[in-house]
Amino acid sequence: MKKVQFRNAWFPYLLLLPQLSIVAIFFLWPAAEAVRSSFYLEDPFGFGATFVGFDNFVDTITSTDYGRIARFTGIFTFCVTFLSLGIALLLAVKADKVIHGASTYKTLLMWVYAVAPPVAGLIAILLFDQHVGPIVKLVALFGWKMQIGVNYFDTGFAMVIAAVWKQIPVNFIFFLSGLQGISKSVQEAASIDCRSGFRRFWTVTFPLLAPTGFFLLIINITYAFFDTFGIIDVILKTEPGNNPVTLVYKVYLDGFRGNDLGGSSAQSVVLMILVFILTVIQFRLIERRIHYT
Amino acid sequence: MATITLDTVRKVYAGNVEAVKGVSVDIDDGEFIVLVGPSGCGKSTLLRMIAGLEDITTGDISIGDRIVNKVDPADRDIAMVFQNYALYPHMTVYNNLAYGLRNRKIAKDEIDRRVKEAARILEIGDYLERKPRMLSGGQRQRVAMGRAIVREPAAFLFDEPLSNLDAKLRVQMRVEIKRLQKALGTTSVYVTHDQLEAMTLADRLIVLNGGAIEQIGAPVDVYDKPASTFVASFIGSPAMNLVPVRSENGRLQAESGAGLDAPNLHGSDRYLLGIRPEHLEISGEKANGTDGLSMEFTVNVLEPVGAESYIYGQLDGAGPEIVVRAPSHARYDPGTVLYLNATAADIHFFDAENGRRIEG
Ligand SMILES: Nc1ncnc2c1ncn2[C@@H]1O[C@H](COP(=O)(O)OP(=O)(O)O)[C@@H](O)[C@H]1O
Ligand SMILES: [Mg+2]
């Protein structure tokens, strides 16, 4: 790589300035603001704020609600990540068998990737419509009277399915290109060395897919945690009631619907710490991650 | 150890590409067979059908006395060495060697014994705990060989295993593969486009052209009696000189004019006359009254390669290009006119229409 030396030491920073200011204005400042207000009890009408120390945090953590919602978030994240990765991997393995590097197919599938997530999210919501949703009608045949927005489990189930639905194309494309990146002759060597296709998958294909899988794991956890807000909101039709919500959604509920800015900020600080831990784990593992080739 | 029999094996790919056109051959137990031919002639396809990596369109392949057309690659009792080695990148060298054995439920200490033994033979004992990416090309090649050896298969299949190595290493590995194959006595089918590799390794050569067998035979026989102009120009370097000739008053002369004089040994009007560069003897003057070949030759370029030199030039100043082998100290200026002579025994005659050899 060519090294370029700037004569003025400050010039490179000047070039970085736009990027840095975006980070500062849209990420650092709100984060700092959240940390600050998490220590205050904000007047609901915005007339003033009282410093309350760690009260907001104590209230947050000890509330019975919070434990329940945290548990749901955990289960939700696990289900979404596990299912969307698992199903996408299964589909990618099947697709890889027939595609064999035909670039037309790959381009077509790339289109799915570009188009599907928003559309798929909407479709999923239609599928679960109380009156016309085919999934609701289907499970009714088996005697399951699905009541989205009323029954806790049914609503959570619909959220998981919708979130998984939306995420599968992304995972699929990454897995597929990961699979196509595995040398054909390595797989052929394996087919001479091992008769069982199942065993071959777990001993050769899967380990070679691990870097892709790990990357997707982080992406999917983050997605389930934060990016499912829209899906949850649409499914709940902004009427949470007794329905399951995730921690991120609760931040919104408490802050903007309940006008408890301090408590809401404390929750978002807890989430920030969580994200921070996740990031550290990710970098740790990436460092240690095996680079093939 | 086993024989391998191909019975009119054909391969038609999607889109009606006939890559292999009815190949039949009986390979003896312990024999080293080399499939040689230009790129795209169907060598890999044929080898991969033996391995089971490619379906057979029609025909039968037997290993030992079992028809293996429908047998899974893992159950054919063969081991294959790939051009790019195809080592498992995530496994250590040890595990690369052991993988196939573990899947065959071989006892742990037996696996260990075989891996250590192969590592000793191939001198890769020091790298057993390394991953393939930490090895040089030559070392990877040895690991790929090791993976084949530990299996103790009925046959080895090689698909251009040396073509990714540099020239020096290639020669070294070539010698080693030959030695190893003789020591183990395992039936081997080896694919290459390199005629020198083919000549040096093979017990018998199979020369493929456009998916069909052009000639089968021991390297010396193929070299001495090429069955067609295709084989004549493919085997041997520099290639055999081929001159279109016609009969004139009972003698032969070049189609392009005079400049060549040879006896007509087979009574046809036209031939392709073949003569290898090393069978031409350079002389300052025209040999007269010989019953051999004599050509008038104008020097274009001298190409010294060390131990010898090749002189490229033209017949009679205008005819087809001719190459002749000369001693390394030979010096001829461009434009020099020389006479090239050869004995009748060294002349090859090929049918002018279909290029097949005409035997006397
Ligand atoms: N998977 C395939 N699909 C279609 N045609 C193929 C395929 N593999 C090889 N071919 C064609 O079959 C012919 C022989 O190929 P190959 O056996 O690889 O030749 P070689 O190994 O002698 O270079 C070539 O014309 C090649 O283009
Ligand atoms: Mg090939």
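## A buried pair across two chains

Let's start with two residues that sit on different chains: Arg151(B) and Asp193(A) are both buried. Keep in mind that this is a predicted model, and every value below was computed from it.

What do Arg151(B) and Asp193(A) form? They form a salt bridge, and the closest N and O atoms are 3.7 Å apart. That fits the cut-off, because a salt bridge needs a side-chain nitrogen of Lys or Arg within 4 Å of a carboxyl oxygen of Asp or Glu. The idea behind it is simple: side chains of opposite charge can pair when their charged atoms come close.

Now look at where the partners are. Arg151(B) lies in the loop between helix H4 (137-150) and strand E7 (155-159) of chain B, while Asp193(A) lies in helix H7 (residues 184-193) of chain A, so the pair joins two chains.

## Where chain B touches chain A

Zoom out from that pair to the whole meeting place of the chains. Here 24 residues of chain B are in contact with 22 residues of chain A. The area buried between chain B and chain A is about 1,900 Å², and carbon and sulfur atoms give 56% of that area.

How many salt bridges are there between chain B and chain A? The count is three, and the pair of Asp193(A) with Arg151(B) is one such salt bridge. There are also twelve residue pairs in polar contact between the two chains, with both residues at pLDDT 80 or more. On the side of chain B that touches chain A, strand E6 (78-81) and helix H2 (93-102) of chain B each supply at least two residues. Sort that side of chain B by class and you get twelve nonpolar, four polar and eight charged residues.

## Chain A: lots of helix

Chain A has eleven helices and two strands. Trace it along the sequence and the pattern reads α-β-β-α-α-α-α-α-α-α-α-α-α, so to speak, a helix, then two strands, then helices the rest of the way. Of the 293 residues in chain A, 39% are buried. If you take the contacts in chain A with a separation of 6 or more, 66% of them are between residues 24 or more positions apart.

The unreviewed UniProt entry adds an annotation here: it marks "transmembrane region" at residues 69-93, 105-128, 148-165, 201-226 and 266-286 of chain A. Have a look at two of these spans in the model. Residues 69-93 of chain A are 100% helix and 0% strand, and the end C-alpha atoms lie 35 Å apart. Residues 148-165 of chain A are 78% helix and 0% strand, with the end C-alpha atoms 17 Å apart.

## Salt bridges inside chain B

Over all chains, the count comes to 26 salt bridges. One of them is inside chain B: the side chains of Glu353(B) and Arg270(B) meet at 3.3 Å, N to O. This pair links distant parts of the chain, 83 residues apart. Glu353(B) is in the segment after strand E20 (348-351) of chain B, and Arg270(B) is in strand E14 (residues 270-275) of chain B.

Is Glu353(B) buried or exposed? At 64% relative accessibility, Glu353(B) counts as exposed, because the cut-off for exposed is over 50%. Arg270(B) has a relative accessible area of 42%, so it is partly exposed. Both belong to a network of salt bridges that also links Arg246(B), Glu248(B) and Glu255(B).

Another salt bridge joins Arg357(B) and Glu359(B), with the closest N and O atoms 2.7 Å apart. Glu359(B) is partly exposed, at 47% relative accessibility.

## Odd spots in the backbone

Most residues other than glycine have a negative phi, and most peptide bonds are trans. Chain B has some exceptions worth finding. The peptide bond from Ser237(B) to Pro238(B) is cis, with omega near -5 degrees. Pro238(B) is found in the loop between helix H8 (229-234) and strand E11 (241-248) of chain B.

Asp77(B) has a positive phi, near 60 degrees, and lies in the loop between strand E5 (66-67) and E6 of chain B. Tyr85(B) is not a glycine either, and its phi is positive too, at about 75 degrees. Tyr85(B) is found in the loop between E6 and H2 of chain B. Asp77(B) is partly exposed, with a relative accessible area of 34%, whereas Tyr85(B) is buried, with a relative accessible area of 6%.

Conventions. Residues numbered from 1 in each chain as written. Chains lettered and ligands numbered in written order. Predicted model: local features only at pLDDT ≥ 70, side-chain atom pairs only at ≥ 80, totals over all residues. Heavy atoms only, no water. Contact = heavy atoms within 4.5 Å. Buried area = accessible area lost by both parts, 1.4 Å probe. Polar contact = N/O pair within 3.5 Å; in protein donor to acceptor, adjacent residues only side chain to side chain. Helix = DSSP H or I, 4+ residues; strand = E, 2+ residues; numbered from the N terminus. Nonpolar A, V, L, I, M, F, W, Y, C, P; charged D, E, K, R; others polar. UniProt positions renumbered as here; feature names shortened; annotations may be inferred. Buried < 20%, exposed > 50% of the residue type's maximum accessible area, 1.4 Å probe, protein only.
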